[in-house]
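Please open the model in a viewer and keep the sequence panel visible. The tour below proceeds by selections, each followed by a description of what is found there.

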Amino acid sequence: MAGTASQASLLLQKQLKDLAKNPVDGFSAGLVDDSNVFEWQVTIIGPPDTLYDGGYFNAIMTFPQNYPNSPPSVRFTSEMWHPNVYPDGRVCISILHPPGEDPNGYELASERWTPVHTVESIVLSIISMLSSPNDESPANIEAADWREKRDEFKKKVRHIVRKSQEML
């Protein structure tokens, strides 16, 4: 197991270095604590032309020791109102689900985690999720009502965007 953890550590260090050298629009990422390459702090900038535009949303990305064979978990530490984010902040998107067949039959194996994903591809998928909610298998049932309760949804999202700006 130690070999797997050190391989994961080397890969994460490389991805961190690559992101520092070539930052990607829409987010910033770094280690929560310089002594632990398996826990990252990510700040996602609300995508332009969405309800989240102008917001700054913090999340913690926690990588398993056998990364990239297993996906990290991602949890918003900033308040978030979205159909694909559990009330406790955990992000629910297909690429963060373990590889293989979905026991519930909702996702194709090809939509789930594969070792080719990087920190960059994961965060870009989360940014895409903010732009296009999937309410077919929601993590937050209340937020999934966004089509029927559009005004209430917009009001809650505007509130969290304002709140995120105050935290800067």
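Over the ring of which residue does the charged end of Lys 156 sit? Select Lys 156 together with Trp 81: the charged end of the lysine sits over the ring of Trp 81, 4.1 Å from its centre. A charge is assigned to a ring in this way if NZ of Lys or CZ of Arg is within 6 Å of the ring centre and within 35 degrees of the ring normal. Next select Arg 90 and Tyr 86, where the charged end of Arg 90 sits over the tyrosine ring at 4.2 Å from its centre.

Before continuing, note that this is a predicted model, in which local features need pLDDT of at least 70 and side-chain atom pairs count only at pLDDT 80 or more, while totals for chains, interfaces and linings use all residues. Residues are numbered from 1 along each chain as its sequence is written, and side-chain values use heavy atoms, with hydrogens and water left out.

**The whole chain**

Display the backbone as a cartoon. The protein has three helices and four strands, arranged from the N terminus as α-β-β-β-β-α-α. These elements are DSSP runs numbered from the N terminus, helices being H or I of at least four residues and strands E of at least two.

Along the principal axes, the C-alpha atoms fill a box of roughly 50 × 40 × 25 Å. The radius of gyration is 16 Å, which agrees with the value near 15 Å for a compact globule of 168 residues; it is taken over C-alpha atoms, and the globule rule is 2.2 Å times the number of residues to the power 0.38.

Colouring by accessibility shows that 39% of the 168 residues count as buried. Buried means under 20% relative accessible area, exposed over 50%, and partly exposed in between (1.4 Å probe, protein chains only). Among contacts (heavy atoms within 4.5 Å) between residues at least 6 apart in sequence, 53% join residues at least 24 apart.

**The strands**

Select residues 27-33 and 36-45, which are strands S1 and S2. They pair in the antiparallel sense over six bridges and form a hairpin with two residues between them. Strands are said to pair if DSSP finds at least two bridges between them. Within this pairing, Gly 30 has Gln 41 as its bridge partner, and Phe 27 stands opposite Ile 44.

Now add strand S3, residues 56-62, which runs antiparallel to S2 and is joined to S2 by seven bridges. Ile 44 also serves as a marker here, standing opposite Phe 57 in S3.

**Two loops**

Select Asp 49 in the loop between S2 and S3. Most residues other than glycine have a negative phi, and most peptide bonds are trans. Asp 49, although not a glycine, has a positive phi of about 60°. Its relative accessibility is 78%, so Asp 49 counts as exposed.

Move on to Pro 68, in the loop between S3 and strand S4 (73-76). The peptide bond joining Tyr 67 and Pro 68 is cis, with omega about 10°.

**Aromatic rings**

Show the side chains of Trp 40, Phe 63, Tyr 67 and Trp 113, which form one aromatic cluster. Rings of Phe, Tyr and Trp (its six-membered ring) pair if their centres lie within 6.5 Å; planes under 30 degrees apart count as stacked, over 60 as edge-to-face and the rest as tilted. By this rule the count comes to five aromatic pairs. Trp 146 and Phe 153 form a tilted pair, 6.1 Å centre to centre with 45° between the planes. Both of these residues, Trp 146 and Phe 153, are buried.

**The helices**

Where does Ser 164 lie? Select helix H3 (residues 150-166), which contains Ser 164. At a relative accessible area of 6%, Ser 164 is buried. Not counting residues up to four places away in sequence, Ser 164 touches Gly 55, Tyr 56 and Phe 57.

Finally, select Glu 120 in helix H2 (residues 119-131). Glu 120 is partly exposed, with a relative accessible area of 34%. Leaving aside neighbours within four places in sequence, Glu 120 is in contact with Leu 19, Val 24 and Phe 27. Glu 120 and Pro 23, 97 residues apart in sequence, are 9.5 Å apart in space, C-alpha to C-alpha.
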